[in-house]
Amino acid sequence: MYTFDPQQLTAKDNYKFMSGSVVPRPIAFVTTLSQEEGIVNAAPFSFFNVVSSDPPLLSISIGRKAGEMKDTARNILSGKELVIHICDEAIVSDMNETAAMLEPHESELDRTNLTTVPSTVVAVPGIQEALIRMECTLYQHIPISNDEGEPVSDLILVRIVQYHFSENVYDPTTKYLLMDQLKPVSRLAGNDYAKLGERFTVIRPL
């Protein structure tokens, strides 16, 4: 077995080890609104997960570039609102297009075939083609600094204020979401993604 001390590794190597070990990761496909020009920003983030169900909280970690916040983080902190979509097989190519580094006055959605739809509670529009979208508001912002005290990422906790589920993926009788219809896509490492594979059931002990 190979053994490494993370303190002796570069940030790039730590990223490679972590993103290659913590797999598969769900993808938050996020839309936000710039406060200055009202531009809809869209971007995917795989450092994303559930935090709490009471209250309903999600977490997104957004890396900085040379200490500068990305548009998504800046828009969330200024507008306090966002919409998180679950990426599925049908929209993964368009989602990937929004990972391009654009200027704040440019909308990543212009690179895609996706369309927006008004939200119910927040001002930020959602993506109509996504099978699941969750309107959210900012709950807490935790800036992350490295050992030199330089800001390197923004950990953002958000509260879900409205769910939207396609009729194709929600069973109103059981109140369950249907994975075979959702076909979620997960992030691996590098340029690799994964589809929902073989599933199995393990009964938890009493």
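Is R199 buried, partly exposed or exposed? At 49% relative accessibility, R199 counts as partly exposed, because the exposed class begins over 50%. The legends below describe close-up views of a predicted model.

**View A. R199 and D180 meet in a salt bridge.**
The N-to-O distance between the two side chains is 2.6 Å. The pair links distant parts of the chain. R199 sits in the segment after β14, and D180 belongs to helix α4. They are 19 residues apart. D180 is partly exposed, with a relative accessible area of 48%. A search of the whole structure finds 4 salt bridges, counted at a cut-off of 4 Å.

**View B. D154 and R64 form a buried salt bridge.**
The closest N and O atoms are 2.8 Å apart. D154 lies in strand β10, while R64 lies in the loop between β5 and α2, so the pair ties together parts that are 90 residues apart in sequence. Buried or exposed? Both D154 and R64 are buried. Side chains of opposite charge can pair when their charged atoms come close.

**View C. E97 and R111 make a salt bridge at 3.1 Å, N to O.**
E97 is in helix α3, residues 92–97. R111 is in the loop between α3 and β7. The two are 14 residues apart, and the pair links distant parts of the chain. E97 is partly exposed, with a relative accessible area of 30%. R111 is partly exposed too, at 43%.

**View D. The largest nonpolar core has 22 residues.**
Which members touch the most others? They are L58, I60, L82, I84, M134 and C136. Seven elements each supply at least two residues of this core: β2 (28–33), β3 (40–45), β5 (56–63), α2 (71–79), β6 (81–86), β9 (132–145) and β10 (151–165). A second, separate core holds 16 residues, including C87, L114, V124 and A130. In soluble globular proteins, nonpolar side chains tend to be buried together.

**View E. L82 and its contacts.**
Residues up to four places away in sequence are not counted here. Among the residues L82 touches are V30, T31 and T32. I60 and I76 are also on the list. So are V122 and V124. Further contacts are M134, E135, C136 and T137, along with V158.

**View F. β10 pairs with β5 and with β9.**
The β5–β10 pairing is antiparallel and spans 7 bridges. β9 and β10 also pair in the antiparallel sense, over 13 bridges. S153 in β10 is the bridge partner of G63. S153 is also the bridge partner of I144. β9 and β10 form a hairpin with 5 residues between them. In its turn, G149 has a positive phi of about 85°. Strands of a sheet pair through backbone hydrogen bonds, either parallel or antiparallel.

**View G. An open sheet of 3 strands runs in the order β1-β13-β14.**
The pairing is antiparallel. β1 (25–26) and β14 (193–195) are the edge strands, each pairing on one side only. How many bridges join β1 to β13? There are 2, and β13 covers residues 185–187. P26 has S186 in β13 as its bridge partner.

**View H. Two cis peptide bonds precede P24 and P55.**
The bond from V23 to P24 has omega near -10°. P24 is in the loop between α1 and β1. The bond from D54 to P55 has omega near 5°. P55 is in the loop between β4 (48–53) and β5.

**View I. K80 and K183 have positive phi without being glycine.**
For K80, phi is about 65°. K80 lies in the loop between α2 and β6. At 43% relative accessibility, K80 counts as partly exposed. For K183, phi is about 50°. K183 is in the loop between α4 (179–182) and β13. K183 is partly exposed, with a relative accessible area of 43%.

**View J. Y2, F4 and F17 make a nonpolar surface patch.**
The patch covers about 400 Å². Y2 is in the segment before α1 (11–21). At 74% relative accessibility, Y2 counts as exposed.

**View K. P118 and R199 lie 35 Å apart, C-alpha to C-alpha.**
Along the chain, they are 81 residues apart. P118 is in the loop between β7 (116–117) and β8 (126–127). P118 is exposed, with a relative accessible area of 66%.

Technical notes. Residues are numbered from 1 along each chain as its sequence is written. This is a predicted model: local features need pLDDT of at least 70, side-chain atom pairs count only at pLDDT 80 or more; totals for chains, interfaces and linings use all residues. Side-chain values use heavy atoms; hydrogens and water are left out. Patches are made of residues with over 30% relative accessible area and no salt bridge: like charges are joined within 9 Å, nonpolar side chains (Val, Leu, Ile, Met, Phe, Trp, Tyr) within 5 Å. Accessible areas come from the Shrake-Rupley method with a 1.4 Å probe; for residues, only the protein chains shown count as cover. Helices (H or I, at least four residues) and strands (E, at least two) are DSSP runs, numbered from the N terminus. Buried means under 20% relative accessible area, exposed over 50%, partly exposed in between (1.4 Å probe, protein chains only). A nonpolar core is a set of buried Ala, Val, Leu, Ile, Met, Phe, Trp, Tyr and Cys residues joined through side-chain atoms within 4.5 Å. Contact means heavy atoms within 4.5 Å. Two strands pair if DSSP finds at least two bridges between them.
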